[in-house]
2 protein chains.
Amino acid sequence: MTQERRVVLNSCEINAQEPAATHVIGADIGGTNLRLGLADGEGMMLGKWSTSIMRTRDAESVVRLMRKGVDALLREASLPRDALGAIAAGAPGITNVDKGVVIATSYLMGWRDVPLRDLLEAEFKAPAAVDNDVNLAAIGERRAGVAQGEDDFVFLAIGTGIGAGIVMNGQIHRGSIWTAGEIGYMLVPGTSEAPVERGEPGALEGIVGGEGIRNQWQKRWREDLTTLAKDATATEVFNHALESNALAQEVLELAARTLAYAIYNISLILNSPLFVLGGSVGIHPALGDAVRQVLGQRQVRVQPKLARSALGVDAQLVGAICLAIETANKKLASPSS
Amino acid sequence: MTQERRVVLNSCEINAQEPAATHVIGADIGGTNLRLGLADGEGMMLGKWSTSIMRTRDAESVVRLMRKGVDALLREASLPRDALGAIAAGAPGITNVDKGVVIATSYLMGWRDVPLRDLLEAEFKAPAAVDNDVNLAAIGERRAGVAQGEDDFVFLAIGTGIGAGIVMNGQIHRGSIWTAGEIGYMLVPGTSEAPVERGEPGALEGIVGGEGIRNQWQKRWREDLTTLAKDATATEVFNHALESNALAQEVLELAARTLAYAIYNISLILNSPLFVLGGSVGIHPALGDAVRQVLGQRQVRVQPKLARSALGVDAQLVGAICLAIETANKKLASPSS
C-alpha cells in the first residue's frame with residue numbers, strides 16, 4: 001500500500017460535516033482488468049487493488065469482485081466499512097450518467113442496459129456514480145494530469161479499443177444519446193469501408209487499436225525478417241520499430257498515419273487546441289512522435305498540440321476518484337436525495 | 001419587392017425605444033455573389049438585392065457595393081438612411097466574431113485579417129456584426145427553417161466549398177481559434193491524401209463540392225455515353241443522374257458515399273441527432289436520398305436524421321438578419337457601447 005499523488009483540487013475535498021464517511025473508492029472496469037483505488041477526502045490515493053476479469057463477464061460478478069477489493073483496501077487502511085463516502089466506476093462503453101446505466105459495452109464485455117449505479121449502491125450502501133471510462137480519464141488528466149487548467153481538449157484512449165473524451169468549455173461533451181467520442185469506427189483513408197457488425201472492432205481500431213496492430217504485424221511477419229515473435233503485443237512491435245526493424249516500422253507508420261488522420265478530422269470539426277494520447281498503446285512514445293510527423297506535413301491552420309497522458313493507466317482511476325468525491329459531496333449537500 | 005416569410009422569433013424584435021432605427025440589413029458575402037436583405041424589427045423580410053462579386057475581391061469594394069444595395073433597398077421601401085438599426089454580414093471564411101475580423105476566406109476570395117465590422121460601422125454609421133456564413137445559415141435554420149427548436153444539430157453547407165455550422169446546447173461551437181466546422185479538408189476513404197496548399201480546395205471538397213463534382217464528371221465524360229455537356233454544373237449532373245444516366249449516377253454515388261462517410265465521422269464524434277443539408281449542391285434531393293442510403297448500410301447506434309435546408313440559399317441571409325436584430329437590440333440596451 002503506497003501513498004501516491006494527490007489527485008484532486010481542494011474544491012473536490014469531502015466536506016467534513018459527516019466525519020464517518022471520509023473516504024471514497026474509484027473503480028476502473030476495463031475489458032480485461034478491474035482496478036480499484038481508495039482515496040481520502042482530499043483525493044490522496046491510499047491504496048490500489050486490481051484483478052483480472054477476463055473470465056468474469058456479467059455485471060453482478062464484477063460487483064462481487066469489487067466488494068472483495070473494497071474490503072481488502074479498507075482493511076489494509078484500518079478503516080471500517082462505513083468510512084466509504086461514495087463509490088464511482090468507469091465502464092468501457094456507452095453510459096447514461098443521469099440514470100447510472102451502462103447502455104452498451106464494447107465487444108469484449110457485451111453488457112447491455114446494466115443499472116450499474118443501482119447495483120453499486122445496493123452493494124456498498126453508499127452513494128454511487130458511473131460514467132464512460134474514457135470520459136473519466138479525460139476528467140483525471142484535467143484534474144491531475146497533463147491537461148490541468150485546459151477547458152478545451154480531447155483525450156484519446158488507445159488500447160484494444162479506441163475512444164475519445166471530449167472536453168469543451170470545461171465540460172465533457174456526451175452527445176444526444178451518450179455516444180459522443182465513439183471514434184473507434186471512424187473512416188479515414190486506409191481503413192476498411194466494410195460495414196461493421198455490432199461486437200466487432202471498428203475501422204479505426206482495425207489499424208490503430210492493440211489487436212489491430214497485432215494483426216497488421218502478423219500479416220507482415222516473416223521469420224527471416226525479424227527476431228520478434230509472430231504473436232508479439234502492440235507495445236513490443238513499437239519497441240521493435242524503435243530498434244529500426246523495417247517490418248515493425250511499417251506497422252508503426254501505418255498506425256501513426258491512420259491515427260494522425262483521425263486527429264486531423266477531429267481537429268477540423270472541433271478546433272480543439274490539445275489532444276492527449278492515453279491508453280496502453282496511446283502512451284507509447286514512438287506512436288506520438290510518428291503522429292506528430294504526419295500532422296506536421298498537413299496544411300492545418302490549427303496544428304493541435306499533442307501531449308502524452310501524464311497519468312497513464314491510472315487516468316481512469318483518478319477520474320473515478322474525482323467523480324466519487326463529487327458524489328460524496330452532493331450527498332452531503334442534500335442528504336435526503 | 002416582395003413581402004416574405006417572417007424570419008425571427010418575437011424575442012428578436014427590435015425594442016421600440018428608438019423609433020427611428022427600426023430596420024436592419026442582413027448581408028451574405030459569398031464567393032461569387034453578394035446578397036442583401038432588408039427586414040423590419042420583427043424580422044419580416046421587406047426586400048432583397050444581389051449582385052455578382054466575381055470580379056470584386058477586396059473588402060473595401062465589397063462594402064461599397066453593399067452601400068449601393070442598402071441605399072436601393074431603403075429607397076424602394078421609402079425609408080431614410082437613419083432607419084438602419086444595425087447591419088450584420090456573413091463572410092465565407094474563418095471569422096473572429098469577438099473582434100469582428102474575417103481572419104481568412106476560402107480560396108475564392110483570399111481575404112486575410114479584414115476588420116469587416118469596423119468597415120461596416122464606418123460606412124453605415126450603425127452597429128455592425130460579422131460571423132462565418134455557415135454559422136449564420138445554421139442560426140437561420142434554427143430560427144426559421146428546418147431546425148426550429150433544435151439545440152443540437154449540424155448544418156452542412158455544400159456549394160463550391162464545404163463547411164459545417166455546429167450547434168451544441170443551443171450555441172454555435174466556434175473552436176479555440178474560430179476554425180471549428182472547416183470540414184472541407186476532411187479525410188475519408190476515397191479522398192486524396194495529398195497535403196493541400198492554402199488556397200486549394202480540400203480533400204472532401206474535391207469529391208463533394210460543386211467544382212469537385214464538375215471535375216469528376218469531366219473525368220468520366222464521353223460523348224457517346226451522355227447527352228449532357230462536358231462542362232455541366234453539379235446540379236445538372238445530379239439532375240442527369242435522376243434521369244438514369246449511368247455516368248452521372250456514378251458521380252452522384254461517389255459524392256454521396258464520400259459525404260455519408262463525413263457525416264458518419266462527425267456523428268461518431270459529436271453524436272448530433274440532426275444534420276441539415278444546405279448550400280446549392282447540398283439541397284439537391286438526389287444527394288440527400290443517396291446519402292441516406294449509404295448511412296443506412298452502416299452499423300451506427302445513432303442514425304442521425306438528415307433534413308434538407310428549408311431556407312435554401314436564403315439561410316445565410318436569414319441568419320444575418322437575426323444577428324442584425326440582436327445587434328440592434330444590444331445597442332439599444334447599452335447605447336454608450
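1. A definition before anything else: two strands count as paired if DSSP finds at least two bridges between them. Please also keep in mind as you read that this is a predicted model.

2. Let's start with the sheet in chain B. Five strands make up an open sheet here, in the order β11-β10-β9-β12-β13, and the pairing is mixed. At the edges sit β11 (171-172) and β13 (305-308) of chain B, each of which pairs on one side only. As general background, strands of a sheet pair through backbone hydrogen bonds, either parallel or antiparallel.

3. Now look at β12 of chain B and its two neighbours. Strand β9 (residues 153-158) of chain B runs parallel to strand β12 (residues 274-278) of chain B, and four bridges join them. On the other pairing, β12(B) and β13(B) are also parallel, again with four bridges. B:Phe275 is a handy residue to click on: it is the bridge partner of B:Val154, and it stands opposite B:Leu306 in β13(B).

4. How many of the five residues of β12(B) are buried? The count is five of five, so the strand is mostly covered, given that buried means under 20% relative accessible area. B:Leu274, B:Val276 and B:Gly278 point one way from the strand, while B:Phe275 and B:Leu277 point the other way. Residues on both sides are buried.

5. Another strand of chain B, β5 (residues 93-96), holds B:Asn96. Is B:Asn96 buried or exposed? B:Asn96 is buried, because its relative accessible area is 11%. Leaving out residues up to four places away in sequence, B:Asn96 touches B:Val101, B:Ile103 and B:Trp178.

6. For contrast, try B:Gln293, in helix α9 (residues 285-296) of chain B. With 56% relative accessibility, B:Gln293 counts as exposed. B:Gln293 and B:Ala256 are 37 residues apart in sequence, and their C-alpha atoms are 8.9 Å apart in space.

7. On to charges. Side chains of opposite charge can pair when their charged atoms come close. Over all chains, the count comes to 22 salt bridges. One of them joins A:Asp71 and A:Arg81, at 2.7 Å from N to O. A:Asp71 lies in helix α1 (residues 59-76) of chain A and A:Arg81 in the loop between α1 and β4 (84-91) of chain A, so this pair ties together parts 10 residues apart in sequence. A:Asp71 is buried, with a relative accessible area of 17%. The two also belong to a network of salt bridges that links A:Arg67, A:Asp71, A:Arg81 and A:Glu123.

8. Chain B has a salt bridge with a long reach in sequence. B:Lys48 and B:Asp314 meet with their closest N and O atoms 2.7 Å apart. Which parts of the chain does the pair link? B:Lys48 is in strand β3 (residues 45-52) of chain B and B:Asp314 in the loop between β13 and α10 (315-333) of chain B, distant parts of the chain that are 266 residues apart. B:Asp314 is buried, at 7% relative accessible area, whereas B:Lys48 is partly exposed, at 35%.

9. A helix-to-helix example is also worth a look. The side chains of B:Glu250 and B:Arg220 meet in a salt bridge of 2.8 Å, N to O. Because B:Glu250 lies in helix α7 (residues 246-270) of chain B and B:Arg220 in helix α5 (residues 210-220) of chain B, the pair ties together parts that are 30 residues apart in sequence. Both ends are partly exposed: B:Glu250 has a relative accessible area of 41%, and B:Arg220 has 22%.

10. Last stop, the contact between the chains. Here 43 residues of chain A are in contact with 43 residues of chain B. The area buried between them is about 3,700 Å², with carbon and sulfur atoms giving 57% of it. Two salt bridges are counted between the chains, including one between B:Arg257 and A:Glu193 (4.0 Å, N to O). There are also 24 residue pairs in polar contact, both residues at pLDDT 80 or more.

11. On chain A's side of this contact, the elements that give two or more residues are β6 (101-105), β10 (162-168) and α7 (246-270) of chain A. Which of them gives the largest share? That is α7(A), with eight residues. By type, the residues on this side divide into 25 nonpolar, 10 polar and eight charged.

Notes. Residues numbered from 1 in each chain as written. Chains lettered and ligands numbered in written order. Predicted model: local features only at pLDDT ≥ 70, side-chain atom pairs only at ≥ 80, totals over all residues. Heavy atoms only, no water. Buried < 20%, exposed > 50% of the residue type's maximum accessible area, 1.4 Å probe, protein only. Contact = heavy atoms within 4.5 Å. Buried area = accessible area lost by both parts, 1.4 Å probe. Polar contact = N/O pair within 3.5 Å; in protein donor to acceptor, adjacent residues only side chain to side chain. Nonpolar A, V, L, I, M, F, W, Y, C, P; charged D, E, K, R; others polar.
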